[in-house]
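Me: Take a close look at the aromatic ring pairs for me, please. Go ring by ring, then show me what's around them.

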Amino acid sequence: MSAALSITGLCKTYENGFVALDDLNLQVEEGDFFALLGPNGAGKSTTIGILCSLIRKTSGQVAVFGVDIDRDFSAAKNNIGVVPQEFNFNTWEKTYDICVTQAGYYGLPRSLAHERAAKYIKLLGLWDKRNSISRGLSGGMKRRLMIARALVHEPRLLILDEPTAGVDIELRRSMWDFLRQINAAGTTIILTTHYLEEAESLCRNLAIIDRGRIVRDTSVRALLRELNRETFIFDMEGNLNAPPNIDGYTARLIDANSFAVDLLKGQALNDVFSALNNQGIKITSMRNKANRLEEMFIAMTGSGDGSDGESPS
Ligand code: ADP
């Protein structure tokens, strides 16, 4: 079985001499749900732009399901659906027509184009808006329209650039469910994201890109296993003005009645509880800080979104 995507020695130097991709190598297997992570400016959009021929590579090879894009671009194109970050449809065109037009670009016969447009508009929850011009849609609806449009030719590989940027949490969850379903049905998915929780929750494998190179290429599970520190957040009855002193553990105050404790591999929550108990601190709830990948990402690329993820909810 050939890989869904195989990138070898990919380089891109922009006209101004800026090296955006520097010998990038990446392989994504068919059926995978793959995350391409990286800080702003790492080269994610440049890579995607090259895959859909919006950007001309300087050197290197790209193959989609075994077909070199230089040799047979139209075969590669038919196998790829791309959801770019920016809305790039005709804002005066109707939702339904946008999807039919797109199907036409891929050479689908008219009746099939209508069938597919209806199918994906319904699946993305936009049927009520099929006759609305896209300009009038909310941001979340536009995002879903971009996905519907990318799917009308039923590509084997779907690539999404920051699909849930600026999308509210509820919609994000339903988009995740939708993407999981189409992946389970056989579509290979690659997404770029800033939300590490998204990669953690959706993806099996990931690569971290930094300054135009892959600095890590592994499975999400293996990466999480490597993390030797877990942070737990405790909410308590009453107030503290300093973090509790727990022998052998680091605790940080988050606000007057919640604090975070780091546990290293092998350390037991039980010890933390008995220390707190001895100090008369009553815990009302506890949660595991969700975004552990964030810490690893920051350590690897020296960047992050600036939030410590510990603000009380
Ligand atoms: P990402 O998607 O990871 O945020 P990009 O691929 O958009 O990163 O950009 C990679 C780098 O290339 C950035 O430093 C960006 O400023 C630079 N870049 C992007 N497009 C151009 C261009 N047309 N000319 C010069 N530099 C560019």
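Reply: At 9% relative accessibility, Phe 89 counts as buried, a label that means under 20% relative accessible area, with exposed being over 50% and partly exposed in between (1.4 Å probe, protein chains only). Phe 87 comes out at 36%, so that one is partly exposed. Keep in mind that this is a predicted model: local features need pLDDT of at least 70, side-chain atom pairs count only at pLDDT 80 or more, and totals for chains, interfaces and linings use all residues. Residues are numbered from 1 along each chain as its sequence is written, and side-chain values use heavy atoms, with hydrogens and water left out.

Now the rings. A pair of aromatic rings is described by the distance of the centres and the angle of the planes. Searching the whole structure turns up three aromatic pairs; rings of Phe, Tyr and Trp (its six-membered ring) pair if their centres lie within 6.5 Å, and planes under 30 degrees apart count as stacked, over 60 as edge-to-face and the rest as tilted. Phe 87 and Phe 89 have ring centres 6.0 Å apart and planes at 20°, so they're stacked. Phe 234 and Phe 259 are stacked too, because their planes sit at 20°, with centres 5.4 Å apart. Phe 234 belongs to strand 11 (residues 229–236) and Phe 259 to strand 13 (residues 258–264), so this pair ties together parts 25 residues apart in sequence. Strands here are DSSP runs (E, at least two residues), as are helices (H or I, at least four), numbered from the N terminus. Phe 234 and Phe 259 are both buried, and together with Phe 273 they make up one aromatic cluster.

As for the surroundings, the protein chain has ten helices and 14 strands. Its C-alpha atoms fill a box of roughly 75 × 45 × 40 Å along the principal axes, and 47% of the 313 residues count as buried. If you care about sequence separation, look at contacts (heavy atoms within 4.5 Å) between residues at least 6 apart: 67% of these join residues at least 24 apart.

For a bit of local strand geometry, strand 9 (residues 205–210) and strand 10 (residues 213–219) run antiparallel, joined by six bridges; two strands pair if DSSP finds at least two bridges between them. One of the bridge partnerships links Asn 205 with Ser 219 of strand 10. The two strands form a hairpin with two residues in between, and Arg 211 in the turn has a positive phi of about 50°.
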